[in-house]
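Work through the exercises below with the coordinates open. Each task is followed by a solution in steps.

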Amino acid sequence: MKRRSIEPRQPRTQTEESLCRALLSMRTVAEMRDFLRDLCTPAEVEALVDRWSVVPHLLTATPYREIHELTAVSITTIGRVARYLNQGNGGYLAAVARAQHARKPRRATGASREQGNALRATNTSAKPIRPRRSPEVRA
């Protein structure tokens, strides 16, 4: 985290909330891409893409070395993403769930709200995902 010689006038939590609201306000992939490219440096966007690209592999317990070979993402980054998948704030898992939900075809109009709630309840009670570590990787 940056050290600053002066304190900002607006509290950091308020600024962070404002950023989150700005991200949520994007309505299309193109809008989000443009916003991220304006907000982040090319290296920062690349780091975000790298982190996101390893998530599906970690969720299927692919060994770290294999993930590295498939994505060219460093073993260190893969381990960091795995740690946040298991011990973070749930953001990766929420994003994965939303992305999967967005890709699924819409249910027939006869589906009830109770069925949807039951599905959500079973998904949230699942055990945390514990990605396997490759035997070649030492902590």
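The exercises cover the fold, an aromatic pair, charged and sulfur-containing side chains, a pocket and some backbone details.

The model is predicted, so local features need pLDDT of at least 70 and side-chain atom pairs count only at pLDDT 80 or more, while totals for chains, interfaces and linings use all residues. Residues are numbered from 1 along each chain as its sequence is written, and side-chain values use heavy atoms, with hydrogens and water left out.

**Exercise 1. Fold**

Task: State how many helices and strands the protein chain has, and what percentage of its residues count as buried.

Solution. Step 1: take helices (H or I, at least four residues) and strands (E, at least two) as DSSP runs, numbered from the N terminus. Step 2: the count gives seven helices and zero strands, and the order along the sequence is α-α-α-α-α-α-α. Step 3: apply the accessibility classes, where buried is under 20% relative accessible area, exposed is over 50% and partly exposed is in between (1.4 Å probe, protein chains only). Of the 139 residues of the chain, 14% count as buried.

**Exercise 2. Aromatic pair**

Task: Find the aromatic pair and classify its geometry.

Solution. Step 1: a pair of aromatic rings is described by the distance of the centres and the angle of the planes. Step 2: rings of Phe, Tyr and Trp (its six-membered ring) pair if their centres lie within 6.5 Å; planes under 30 degrees apart count as stacked, over 60 as edge-to-face and the rest as tilted. Step 3: the structure holds one such pair. Its members are tryptophan 52 and tyrosine 92, with ring centres 6.5 Å apart and planes at 20 degrees, so the pair is stacked. Step 4: place the partners. Tryptophan 52 sits in helix α3 (residues 42-59) and tyrosine 92 in helix α6 (residues 91-103), 40 residues apart, and the pair thereby links distant parts of the chain. Step 5: tryptophan 52 is partly exposed at 38% relative accessibility, and tyrosine 92 is partly exposed at 21%.

**Exercise 3. Salt bridge and disulfides**

Task: Which residues form a salt bridge, and how many disulfides does a search of the whole structure find?

Solution. Step 1: look for a side-chain nitrogen of Lys or Arg within 4 Å of a carboxyl oxygen of Asp or Glu, which is the salt-bridge criterion. Step 2: the whole structure yields one salt bridge. Glutamate 17 pairs with arginine 21, and their closest N and O atoms are 2.8 Å apart. Step 3: both residues belong to helix α1 (residues 12-25) and are four residues apart, about one turn of the helix. Step 4: glutamate 17 is partly exposed at 43%, whereas arginine 21 is exposed at 55%. Step 5: for disulfides, search for a pair of cysteine sulfur atoms within 2.5 Å; the result is zero. Cysteine 20 is partly exposed at 38%, and cysteine 40 is buried at 16%.

**Exercise 4. Backbone and a contact in space**

Task: What sign of phi do alanine 61 and alanine 72 have, and how far apart in space are valine 54 and glycine 79, C-alpha to C-alpha?

Solution. Step 1: alanine 61 has a positive phi of about 60 degrees although it is not a glycine. This alanine 61 lies in the loop between α3 and α4 (64-71) and is partly exposed at 23%. Step 2: alanine 72, also not a glycine, has a positive phi of about 65 degrees. Alanine 72 is in the loop between α4 and α5 and is exposed at 64%. Step 3: valine 54 belongs to helix α3 and is buried at 0% relative accessibility. Valine 54 and glycine 79 are 25 residues apart in sequence, and their C-alpha atoms are 9.8 Å apart in space.
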